Amino acid sequence: PALLSTGSYADAVAVATSARDADFIFYTTLEYQKYCMSQFPDPAKANQAFMNAVVTKFTPESYDTIKRYMGTMPDGKNEISLQIRAQKFTDAGMTMAKRALESKIESRGKQAMLGESSKIFGMGKETGFHKSCTDDYIELLKDQEILRTKYSATEVAPDSSSVVSTISSILRYAATNEREQHRLLNDADKVAKKFRVPEKMLWHTKVKAFSTTGQWKNMKALADSRTKPPIGFKPFARAAIMGRQPASEILRYIERVSVPEERFSLYGEACMWKKALDEAVKMKDERRIIDVKARCNNPEIQLAADQMLGRMA
């Protein structure tokens, strides 16, 4: 209190910090803010003087305390201004981005806030990655808005920070809009290309979206496309099995799986025990033959398994 009465605010903060008195650190910092407000008729200049002192003259504990206090206010401008003045551009950009994501505002308002966040990241030398990610997210929000307008449907591309989720939404919506299905599939590919989605991830997303929405023709067309599936045919087979497709459709994919062990497992998942037994015999794998016998619950196949085991003994 004695130091405060003489206007030695920085010294008072230093003493409070040495004493580890968080309450007095906060009290002293706020008292200095009041002092600045009384010295400058212009609130903006007063705030500038206050922040300069906190950053350059006060202890780091004082900075952290007042930053946390400012963070509780509905308007985050002061918190962000303080972080920028301290050249903590990563923190300032993250604060703005977090407020944008947490705010319940429409897409364009969110884009504007994220645009400010990108500008802040652009001030730093080590925040290029943060800026790039923020810019990509802004582009994604714009594309989502364009798609919603294009198809007059919110469900085609709901607000999301995930590119894969957006692609999945477009593909799923194609199941409900057969008239625009071709355009929708093309739009999904455009989004994937624009945001450099890895090929395997895109194919997995397509298989899951098609199978869970009953777009079996589109899944078949994908499997039969000129491009060799980078994920193989196992995901296709699994999707067909889980989707309870006819045996002929399931076999279409299993028989194109190149690894014998995987084919055997898929036949088992599909309860195609005769096929599983044949595969086990081709591999001359006694353990797998015994596995078929134990799981199939079919006397005829169990007898065939015993015969095969007898021949291999």
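# Briefing on a predicted structure

At 52% relative accessibility, Cys271 counts as exposed in this structure, which is a predicted model. Cys296, by contrast, counts as buried, with a relative accessibility of 7%. The points below take up the cysteines, the nonpolar cores, two helices, the aromatic pairs and one further residue.

**Cysteines**

- The structure holds zero disulfides, and the distances for Cys271 and Cys296 can be followed step by step.
- The cysteine sulfur closest to that of Cys271 belongs to Cys296 and lies 10 Å away, which is too far for a bond, since a disulfide requires two cysteine sulfur atoms within 2.5 Å.
- Starting from Cys296 leads to the matching result, because the closest cysteine sulfur is that of Cys271, again at 10 Å and too far for a bond.

**Nonpolar cores**

- In soluble globular proteins, nonpolar side chains tend to be buried together.
- The largest nonpolar core here has 61 residues, and the members that touch the most others are Ile167, Phe236, Tyr253 and Val292.
- Helix H9, which covers residues 128-151, supplies the largest share of this core, namely six residues.
- A second core of 17 residues is separate from it, and Leu4, Ala12, Met51 and Ala53 are among its members.
- Once neighbours within four places in sequence are left aside, Phe236 is in contact with Trp203, Val207, Met219, Leu222, Ala223, Pro229, Ile231 and Tyr253.

**Helix H14**

- Phe236 is also one of the buried residues of helix H14 (residues 234-242), where the others are Pro235, Ala237, Ala239, Ala240 and Ile241.
- The elements that cover these buried residues include helix H12 (199-212), helix H13 (216-223), helix H15 (247-254) and helix H16 (260-269).
- Just after H14 comes Arg244, which takes a positive phi of about 55°.

**Helix H6**

- Helix H6 runs over residues 77-85, and within it Glu79, Ile80, Leu82 and Gln83 are buried.
- These buried residues line one face of the helix, because they fall within an arc of 160° when H6 is seen down its axis.
- The partners against which the buried residues of H6 pack are helix H4 (43-56), helix H5 (60-71), helix H7 (89-102) and helix H8 (107-121).
- A positive phi of about 60° is found at Gln87, just after H6.

**Aromatic pairs**

- A search of the whole structure finds 11 aromatic pairs.
- One of them joins Tyr32 and Phe50, whose ring centres are 6.2 Å apart and whose planes stand at 35°, so the pair is tilted; the tilted class lies between stacked pairs, with planes under 30 degrees apart, and edge-to-face pairs, with planes over 60.
- This pair links distant parts of the chain, since Tyr32 sits in helix H3 (residues 22-39) and Phe50 in helix H4, 18 residues apart.
- Tyr32 and Phe50 are both buried.
- The two residues also belong to a cluster, in which ring pairs link Tyr9, Tyr32, Tyr35, Phe50 and Phe58.

**Gln39 in helix H3**

- Gln39 is found in helix H3, the helix that also holds Tyr32.
- With a relative accessibility of 45%, Gln39 counts as partly exposed, because that class covers values between the buried limit of 20% and the exposed limit of 50%.
- Gln39 and Ser8 are 31 residues apart along the chain, and their C-alpha atoms are separated by 15 Å.

Conventions: Residues numbered from 1 in each chain as written. Predicted model: local features only at pLDDT ≥ 70, side-chain atom pairs only at ≥ 80, totals over all residues. Heavy atoms only, no water. Buried < 20%, exposed > 50% of the residue type's maximum accessible area, 1.4 Å probe, protein only. Helix = DSSP H or I, 4+ residues; strand = E, 2+ residues; numbered from the N terminus. Arc of directions from axis to C-beta. Contact = heavy atoms within 4.5 Å. Phe/Tyr/Trp six-rings, centres within 6.5 Å; stacked < 30°, edge-to-face > 60°. Core = buried A, V, L, I, M, F, W, Y, C linked by side-chain atoms within 4.5 Å.
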